[in-house]
Amino acid sequence: MNVEPQSLEALIAEFSSLPGIGQKTARRLAYHMLTRSKNDIERFATSLTYASEMVHPCPHCHAYTDQECCSVCSERAGAKVICVVEKSSDIIPFERSGIYRGLYFVLGGVISPLDGIGPENLHLAQLVERVKSENIEELVLALGSSPEADSTALMIDRMLTGTNVKRTRLARGIPMGSDLEFVDEVTMLRAFEGRVNL
């Protein structure tokens, strides 16, 4: 017999559908939301709806923005280095640490056949076009350290064969299988400074 109301079960299911949220945490979050005031809950719902309506990928780099194009693309136009990341949140540690002042490009994932993600599902063609059209001098591949990231880096390297762009990737100071958004500033600094040619 289930003692939880159906509406509460539905709320728990929504929380548990979020990445990194298990059933126990989802239940804890759902019960916590029920202790909040109606105004708090309405403000939470409004901010979620507002973000989903206003935030969109930048047409140049695919980082999330609520402007026509992101602040990095507009403020650093003309920069000759692009740091390629898997997802928009991977940009945050670079910006927070201040170690990098170039452009970014969000691939939208890495090649992962087991998850049904092939090269056609990523922004690879747009990346190559941008490198060529903007005369980019260096491409820093900051895709983490998983086998899928390695195969994606290899694919990018092959796609840029015949171009003069220097291709580097972060040094292996980042733990295997970790997401860049969880890497501390010192580790990020060492990995970035120790990047190597492909």
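Me: Is E42 buried, partly exposed or exposed in this predicted model?
Reply: The model is predicted. The relative accessibility of E42 is 40%. Buried requires a value under 20% and exposed a value over 50%, so E42 counts as partly exposed.

Me: Which residue meets the side chain of E42 in a salt bridge?
Reply: The partner of E42 also lies in helix α3 (residues 38–54), four residues apart, about one turn of the helix. The partner counts as exposed, at 66% relative accessibility. The N to O distance of the salt bridge is 3.7 Å, and the residue that E42 meets is K38.

Me: Which residues are linked with R36 in a network of salt bridges?
Reply: The side chain of R36 meets that of D40 in a salt bridge, at 3.6 Å from N to O. R36 is partly exposed with a relative accessible area of 31%, and D40 is partly exposed with 21%. The network that holds R36 consists, besides R36, of D40 and R43.

Me: In the salt bridge of D90 and K87, what is the N to O distance?
Reply: D90 is buried, with a relative accessible area of 2%. K87 counts as partly exposed, at 24% relative accessibility. Their side chains meet with an N to O distance of 3.2 Å.

Me: How many salt bridges does the structure hold?
Reply: The rule asks for a side-chain nitrogen of Lys or Arg within 4 Å of a carboxyl oxygen of Asp or Glu. The pair K38 and E42, at 3.7 Å, is one of those that meet in a salt bridge. By this rule, the count comes to 10.

Me: How many disulfides are there in the structure?
Reply: A disulfide is a covalent bond between the sulfur atoms of two cysteines. C61 is buried at 2% relative accessibility, and its sulfur is 3.6 Å from the closest cysteine sulfur, in C70, which is too far for a bond. For C69, the closest cysteine sulfur is in C58, at 5.0 Å, again too far for a bond. The number of disulfides is zero.

Me: How far apart are the end C-alpha atoms of helix α7?
Reply: Helix α7 covers residues 147–159, which is 13 residues. At 1.5 Å a residue, the expected span is 18 Å. The end C-alpha atoms agree with that expectation, being apart by 18 Å.

Me: Within what arc do the buried residues of α7 fall?
Reply: The buried residues of α7 are A149, T152, A153 and I156. Seen down the axis of α7, they line one face of the helix, whereas P147 and R158 are exposed on the other side. The cover of the buried residues includes β3 (81–85), α6 (124–133), β5 (138–142) and β6 (166–169). The arc within which the buried residues fall is 100 degrees.

Me: Which residues of α2 are buried?
Reply: Helix α2 (residues 23–35) should span 18 Å at 1.5 Å a residue, and its end C-alpha atoms are 19 Å apart, which agrees. On the other side of α2 from the buried residues, K24, R28 and T35 are exposed. The cover of the buried residues includes α1 (6–16) and α3. The buried residues of α2 are A26, A30 and M33, and they cover an arc of only 60 degrees around the axis, which puts on the same side of α2 the residues A26, A30 and M33.

Me: Which residues is E138 in contact with, leaving aside its neighbours within four places in sequence?
Reply: E138 is found in strand β5. With a relative accessible area of 10%, E138 is buried. Beyond those neighbours, E138 is in contact with K80, V81, I82, V165, K166, T168 and R195.

Me: What share of the contacts in the chain with a separation of 6 or more comes from residues 24 or more positions apart?
Reply: The chain has eight helices and seven strands. Its C-alpha atoms fill a box of roughly 65 × 35 × 35 Å along the principal axes. Of its 198 residues, 35% count as buried. The share of those contacts due to residues 24 or more positions apart is 55%.

Notes:
Residues numbered from 1 in each chain as written. Predicted model: local features only at pLDDT ≥ 70, side-chain atom pairs only at ≥ 80, totals over all residues. Heavy atoms only, no water. Helix = DSSP H or I, 4+ residues; strand = E, 2+ residues; numbered from the N terminus. Expected span 1.5 Å × (residues − 1). Buried < 20%, exposed > 50% of the residue type's maximum accessible area, 1.4 Å probe, protein only. Arc of directions from axis to C-beta. Contact = heavy atoms within 4.5 Å. Disulfide = S-S within 2.5 Å.
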